[in-house]
Amino acid sequence: MSLVDSAREMTLEDVALWDIGKRFGFYGSIAAMVTISMFPVFWILLSSLKPPSELFVFPQEFLPYVITIQDGQLTVVQQFPLTLENYRAALQERPVGRYLINSAIVASGTAIIDVVLGSMAGYALSRLRFPYKLHVLLLILFAALLPFISRLIPLYKLAIDLQGTVFGPFFGLNQYLGLILPYAAFQMPFAVWIFQAYFNELPDSLEEAGLMDGLSRVGVLFRIILPVSMPAMATTAIIVFIYAWNEFLFALTFMTQDSKRTITVGIALFGGQFNSPWGIITAAVFMSLVPLMVFMLVFQKKIVEGMTAGVGKA
């Protein structure tokens, strides 16, 4: 019997079962990916709410309460107590709030610089005609492939040399701009590629109308193109923000004063020489995750639109 004959003999019940199977596979795969992705976050949250005596009990209990059947009745059993003591200790032992503010300033400044300059560079590479445009794009991509650590020592020496000069209070050690500018430079290739790909999707008629009305190229970019490019702006801003928020090595090197440290460095300093307060550390880690999760939830639709725009174009 051929495949065609077999398909003709399928009943409505077979089609319904096939449809149920497809849906089960689709939603089951999504549930599995979400579970695997969110399990570390769930574990961090759970550990931050446990007393220190419960952190290293084996086998690990992942639910504070379970429902069991005892004497034929459903009974709720507590497996371990929940406490906010780790959060209180984290806020008292270290200036976690100051660390979060420093991270927010550095990450926001980096995102703003990359969105402004990345959009201008992306617009030029998308709309203007000049020779070797593809070579310029590849050169920008090559710059993104250089390892960050290879730039650490030259930039650190430059920051030290600026100390004592008129630029020291702005770009030297323990200055926000001294950390923001390297971060912005590292993520600029990524921003340029996102904006260039997104602008390729926009119709030429948008800017032609602006140019006929007497606007300059810069005016067209800021008054016509960018207002309709919110997905690209949101994608660039959020991804650059997350990078700057999570970066550790440069923040540890350039911010030596405790009042200027970012949250990643502050969390690393919770551990002592002979002990590591994992409950307090997990509480600080979860507090650092909350702003990122809120941003991702608020801008998730725009991020997906920006990431999928211009796929396959250069």
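**Exercise 1. How many salt bridges does a search of the whole structure find?**

Solution. The model is predicted: local features need pLDDT of at least 70, side-chain atom pairs count only at pLDDT 80 or more, and totals for chains, interfaces and linings use all residues. Residues are numbered from 1 along each chain as its sequence is written, and side-chain values use heavy atoms, with hydrogens and water left out.

Step 1. Apply the criterion: a side-chain nitrogen of Lys or Arg within 4 Å of a carboxyl oxygen of Asp or Glu.

Step 2. Read the total. The search finds 8 salt bridges.

**Exercise 2. Locate the salt bridge of R23 and D19, and the one of E85 and R88, in their helices.**

Solution. Helices are DSSP runs (H or I, at least four residues), numbered from the N terminus.

Step 1. R23 and D19 pair at 3.2 Å, N to O. They sit 4 residues apart in helix α2, so about one helical turn separates them.

Step 2. E85 and R88 pair at 2.1 Å, N to O. They are 3 residues apart in helix α3, so again about one helical turn lies between them.

Step 3. Check exposure. Buried means under 20% relative accessible area, exposed over 50%, partly exposed in between (1.4 Å probe, protein chains only). R23 is partly exposed at 49%. D19 is partly exposed at 33%.

**Exercise 3. Which distant parts of the chain does the pair D258 and R94 link?**

Solution. Step 1. The closest N and O atoms of this salt bridge are 3.7 Å apart.

Step 2. D258 is in the loop between α12 and α13, and R94 is in the loop between α3 and α4, 164 residues apart.

Step 3. D258 is partly exposed, at 28% relative accessible area. R94 is also partly exposed, at 23%.

**Exercise 4. Describe the largest nonpolar core.**

Solution. Step 1. A nonpolar core is a set of buried Ala, Val, Leu, Ile, Met, Phe, Trp, Tyr and Cys residues joined through side-chain atoms within 4.5 Å.

Step 2. The largest has 37 residues; L179, Y183, F250, F254 and F270 touch the most other members.

Step 3. Helices supplying at least two residues include α8 (176–201) and α11 (230–246). The top contributor is α14, with 7 residues.

Step 4. Inspect F254. Beyond its neighbours within four places in sequence, its contacts (heavy atoms within 4.5 Å) include L152, Y156, L173 and L179.
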